[in-house]
Amino acid sequence: MRHFWTIEVRLVVDTNVRVAAELASSKETSAAAQLLRLIQRKVYERASGKAGEKRQRVVVVWLRSLEMQNELREQLAKRGFRSSWVLSILQETAMFSELVTVEERDISNLRKQAPLEAHDDLHVIACAIKGKATHIVTYDKRHLLTPEAKRFMRRYRIKVVTPAEMLDELRRLGDP
Amino acid sequence: MSERKRPKLPPEWQKAERLTRGIYRLHTPDGKYRYGFAFPDGTFTSFSSRHPISLEDLRLHYRAEVRGRRDQEMIRKGLGPTLEEIERAQKRRWEKFKRLGLVLEREEDAALLDD
């Protein structure tokens, strides 16, 4: 019998990456759009059983919390998006991802430990820790892509990366 | 909704205030609010908002969650839209955003609205 190994990559996609994927000027060159497309394809194939014939070597799980969904709604609303457009984007996100419930105590525990500059994104960090994420994908250079935040997340074995870095890592793992 | 059909709420939701079908306001010890969603499949989740949130927006979230879960289930059963159909719909949506001038010059700019 042939031996199969799988790696589970559990991603928290920050709101700015979700917005960037939706509003990229070119879907072909945007790392965020390419990453989201890859995640959707892998999640779909696994859910529909289409991955059965060709076993997935890298299993991708997209994690989110309702706090992050709410942030996405707020950002799209700020840009003047109609409710029906926001609904379809939120619905699609819900279709392809797993929901993590983040409690108040998860955030307050983190407030005591996390570096100060990451405090604006504790809801993202809490979602990653609670959802046992392996990566946080973000464009946020001020709060999450800092050496301090990266060092803090390493304690939980979570890497903080940009969409391009995530795509490189997935390619390196050999699946897409 | 009749008492018989009402989902059994978790113990920590006993004092929850029902805002509308499936949506609750939970009182937390620190005096802040959390919002609870009770889904038709009998599962629950809750969340807090950093900014005030209207009932209309709570309904939007609830609807998106319910529909997203329904789509997931349909895909699992092989009854949902195909991936090609989903991608075509996404492309149509993006073309509309592009026509309306909503797309970003540089995608990294999406991070600027975070603060």
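## The four-stranded sheet of chain B

In this predicted model, strand β2 (residues 23–27) of chain B is joined to strand β3 (residues 33–38) of chain B by 5 bridges, and the two strands run antiparallel. Within this pairing, B:Tyr24 has B:Gly36 in β3(B) as its bridge partner. On the other side of the connection to β1(B), the pairing of β1(B) with β2(B) is likewise described as antiparallel, over 3 bridges, and here B:Thr20 has B:Ile23 in β2(B) as its bridge partner. The hairpin formed by β1(B) and β2(B) has 2 residues between the strands, and in that hairpin B:Gly22 takes a positive phi near 80 degrees.

Taken as a whole, the sheet of chain B is an open one made of 4 strands in the order β1-β2-β3-β4, with antiparallel pairing. Because β1 (17–20) and β4 (44–47) of chain B stand at the edges, each with a single partner strand, one side of each is left without a neighbour in the sheet. From one strand to the next the twist averages 30 degrees. Helix α1 (residues 55–76) of chain B packs on this sheet, where it touches β1, β2 and β3 of chain B, and the direction of the helix makes about 80 degrees with that of β1(B).

## Overall build of chain A

Chain A contains 8 helices and 5 strands, and from the N terminus on its elements follow the order β-α-α-β-α-α-β-α-α-β-α-β-α. The radius of gyration of chain A is 16 Å, close to the 16 Å that the globule rule gives for 176 residues, so chain A is as compact as a globular protein of that length. The C-alpha trace of chain A spans about 50 × 40 × 30 Å along its principal axes.

## Parallel pairing around β1 of chain A

Strand β1 (residues 7–13) of chain A is joined by 6 bridges to strand β2 (residues 58–64) of chain A, and these two strands run parallel; in this pair the bridge partner of A:Leu11 is A:Trp62 of β2(A). The strand β1(A) also pairs in the parallel sense with strand β4 (residues 135–137) of chain A, over 3 bridges, and there A:Val12 has A:Ile136 in β4(A) as its bridge partner.

## Helix packing within chain A

The axes of α1(A) and α3(A) come within 9 Å and cross at roughly 45 degrees, which makes α1(A) oblique to α3(A). The crossing in which α1(A) passes α3(A) is right-handed. On the α1(A) side the residues are A:Thr15, A:Arg18 and A:Val19, and these meet A:Met68, A:Glu71, A:Leu72 and A:Gln75 in α3(A); by class, this contact has 3 nonpolar, 2 polar and 2 charged residues.

Helix α2(A) packs against helix α8 (residues 163–173) of chain A at an angle of about 45 degrees, with the axes 8 Å apart, and that angle makes α2(A) oblique to α8(A). The crossing of α2(A) and α8(A) is left-handed. In α2(A), the residues A:Ala31, A:Ala32, A:Gln34, A:Leu35 and A:Leu38 meet A:Pro163, A:Ala164, A:Met166, A:Leu167 and A:Leu170 in α8(A), a contact that has 9 nonpolar residues, 1 polar residue and no charged residues.

Helix α5 (residues 104–113) and helix α6 (residues 122–130) of chain A pack at an angle of about 110 degrees, with their axes 9 Å apart, and α5(A) is therefore roughly perpendicular to α6(A). The residues A:Asp106, A:Ile107, A:Leu110 and A:Arg111 in α5(A) meet A:Leu122, A:His123, A:Ile125, A:Ala126 and A:Lys130 in α6(A); this contact has 5 nonpolar, 1 polar and 3 charged residues.

## Contact between the chains

Between the two chains, 39 residues of chain A are in contact with 37 residues of chain B. On the side of chain A that touches chain B, the elements that give two or more residues are α1 (15–22), α2 (31–48), α3 (66–78) and α4 (83–96) of chain A. By class, that side of chain A has 15 nonpolar, 13 polar and 11 charged residues.

Notes:
Residues are numbered from 1 along each chain as its sequence is written. Chains are lettered from A and ligands numbered from 1 in the order in which they are written. This is a predicted model: local features need pLDDT of at least 70, side-chain atom pairs count only at pLDDT 80 or more; totals for chains, interfaces and linings use all residues. Two residues are in contact if their C-beta atoms, placed from the backbone, lie within 7 Å. Ala, Val, Leu, Ile, Met, Phe, Trp, Tyr, Cys and Pro count as nonpolar, Asp, Glu, Lys and Arg as charged, and the others, Gly among them, as polar. Axes are lines fitted to C-alpha atoms, for helices over the stretch in contact, and angles run from 0 to 180 degrees between N-to-C directions. Angles under 35 degrees count as roughly parallel, over 145 as roughly antiparallel, 65 to 115 as roughly perpendicular and the rest as oblique. A crossing is left-handed if the near helix is turned anticlockwise from the far one by less than a right angle, and right-handed if clockwise. Two strands pair if DSSP finds at least two bridges between them. The radius of gyration is taken over C-alpha atoms; the globule rule is 2.2 Å times the number of residues to the power 0.38.
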